[in-house]
Amino acid sequence: MTSLTDRKNAAISRGVGMTTQIYADRAENAEIWDKEGNRYIDFAAGIAVVNTGHRHPKIIAAVKAQLDRFTHTCHQVVPYENYVHLAERLNALAPGDFEKKTIFVTTGAEAVENAIKIARAATGRQAIIAFGGGFHGRTFMGMALTGKVVPYKVGFGAMPADVFHAPFPIELHGVGVEQSLAALKKLFAADVDPGRVAAIIIEPVQGEGGFYPAPTAFMKALREICDQHGILLIADEVQTGFARTGKLFAMEHHDVAPDLMTMAKSLAGGFPLAAVTGRAEIMDAPGPGGLGGTYGGSPIGIAAAHAVLDVIEEEDLCDRANQLGNRLKQRLAAIREKVPEIVDIRGPGFMNAVEFNDTNTNQPSADFANKVRLNALAKGLILLTCGVHGNVIRFLAPITIQDEVFAEALDILEASILEARS
């Protein structure tokens, strides 16, 4: 009999990489069972998509109710009230004491693309500044903004023009806030007139880049620079949003309001939906028909998103994220003396990471991180690596994970790290 892996290799482009060879059969909250009946604890959550857990009963009920009414009309053709209501809710919840408007699309990359379109339409400028290590999607503009070549840009030819990168401040790697700001100032002097820059886009916590939080001092300085030069500040909250960092949105940690914000992933708890929310006058810059998409704001995703927002509030998932993140970081800190490969434990709320270096060279060790990942997988715990050097393990378990399952996962994680040293 041909294995599923052989069938996948024969049928699907190798460009669609796979972290595991687990083929899901069913899932519930923070657990997944594969086709062979093996159980796994999910510390990936579909890459931060199911903050509210797999198949949360309230979300499933909302989707079933919507299925019984209609599944698609295209909001641009026959609109529906739920789309309007969700926009109203996000406008009220997003940071910033000003009037806001929202559009819905389907993916995080699409949200980023539309944010750039809106910024250019609103400012009449073309240039965009992003940051090294940032990740903003796999579309062409998403690739151009992303600050990592392999595997996202390699072999795909020329990227869109007028995209510039500045270093993201990471003290661990010798780049402080002042150095990042100095590099930005140099960029304005040597490469692009700030009067041509439409927007600066930043992840409040870098996702694929290594789960590095942006310092508050840096975020406040960016806001000042943007205000000084008439540049829009775009917060990419695709991975950080919806209680992951202990706040509904990560920008709330800095008391800085972006002009535009992109969101997706956990917005709809496992159903495809993304959004751009921003200042009303900026969001209105494109003309009618300039924004949208056939599947943008799917009724199914909209229904799920309403339930997600309800669950986050009713179950106090922001507080839960802080509790879980503190327990995870304390457990890692407790074994740090036994594991000199650990060079950092970080992350707000439940958006946490541990970084490993080689003890002989003091250089990033992707090998050690991968050993931990594989050890954990063999014991039934799904982990993801990340970082420009691949030496970081990121933790993205559902915030709804049961206490007993979380405790089991922490035991597996500790054993897997200690085993990687042998």
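**Entry 1. Salt bridges**

I started with Arg 279 and Asp 259, whose side chains meet in a salt bridge at 2.7 Å, N to O. The model is a predicted one. Arg 279 sits in strand β10 (residues 274-279), and Asp 259 sits in the loop between β8 and β9. The two are 20 residues apart, and the pair links distant parts of the chain. I then looked up how far each partner is covered. Arg 279 is partly exposed, because its relative accessibility is 23%. Asp 259 comes out at 4% and is therefore buried.

Next I took Asp 227. Which residue does Asp 227 form a salt bridge with? I found Arg 223, with the closest N and O atoms 2.9 Å apart. Both lie in helix α8 (residues 216-229), 4 residues apart, so about one helical turn separates them. Asp 227 has 52% relative accessibility and counts as exposed. The cut-off for exposed is over 50%. Arg 223 is buried, at 13%.

The third pair I checked was Glu 341 with Arg 421, again a side-chain salt bridge, at 2.7 Å from N to O. Glu 341 belongs to the loop between α11 (317-334) and β11 (342-346), while Arg 421 belongs to the segment after α13 (403-420). They are 80 residues apart in sequence, so this salt bridge ties together distant stretches of numbering. Glu 341 is buried, with a relative accessible area of 8%. Arg 421 is partly exposed, with 39%.

I then asked which residues are joined by salt bridges that share partners. Arg 223, Asp 227, Asp 259 and Arg 279 form one network. For the whole structure I noted 21 salt bridges.

**Entry 2. Helices α7 and α8**

I stayed with α8 and looked at its packing against helix α7 (residues 177-190). The axes are 10 Å apart, and the angle is about 20 degrees. Angles under 35 degrees count as roughly parallel, so α7 is roughly parallel to α8. The crossing is right-handed.

Which residues make the contact? From α7 I listed Val 177, Ser 180, Leu 181, Leu 184 and Phe 188. From α8 I listed Ala 217, Phe 218, Ala 221, Leu 222, Ile 225 and His 229.

**Entry 3. The four-stranded sheet**

I traced an open sheet of 4 strands in the order β1-β2-β3-β13. Its pairing is mixed. The edge strands are β1 (24-28) and β13, each pairing on one side only.

I went through the pairings in that order. β1 and β2 run antiparallel, joined by 4 bridges. Here Glu 28 has Glu 31 in β2 as its bridge partner. β2 (residues 31-34) and β3 (residues 39-42) are also antiparallel, over 3 bridges. In that pairing I found Ile 32 bridged to Tyr 40 of β3. The hairpin of β2 and β3 has 4 residues between the strands. Gly 37 there takes a positive phi near 90 degrees.

How does β3 run relative to β13, parallel or antiparallel? It is parallel, with 2 bridges to β13 (residues 381-382). Ile 41 stands opposite Leu 381 in β13.

I also checked what packs on the sheet. Helix α13 does, touching β2, β3 and β13. The direction of α13 makes about 95 degrees with that of β3.

**Entry 4. Backbone exceptions**

I closed with the backbone. Most residues other than glycine have a negative phi, and most peptide bonds are trans. I looked for departures from both.

Ala 48 has a positive phi, near 70 degrees. Ala 48 lies in helix α2 (residues 45-48). With 2% relative accessibility, Ala 48 counts as buried.

Ala 243 also has a positive phi, near 80 degrees. Ala 243 is placed in the loop between β8 (232-236) and β9 (260-263). Buried or exposed? Ala 243 is buried, because its relative accessibility is 0%.

Where did I find a cis peptide bond? The bond from Val 150 to Pro 151 is cis, with omega near 5 degrees. Pro 151 is in the loop between α6 (140-145) and β6 (163-166).

How values were computed
Residues numbered from 1 in each chain as written. Heavy atoms only, no water. Buried < 20%, exposed > 50% of the residue type's maximum accessible area, 1.4 Å probe, protein only. Pairing = 2+ DSSP bridges. Salt bridge = Lys/Arg side-chain N within 4 Å of Asp/Glu carboxyl O. Axes fitted to C-alpha atoms, helices over the stretch in contact; angles between N-to-C directions. Parallel < 35°, antiparallel > 145°, perpendicular 65-115°, else oblique. Left-handed = near helix turned anticlockwise from the far one by under 90°. Contact = heavy atoms within 4.5 Å.
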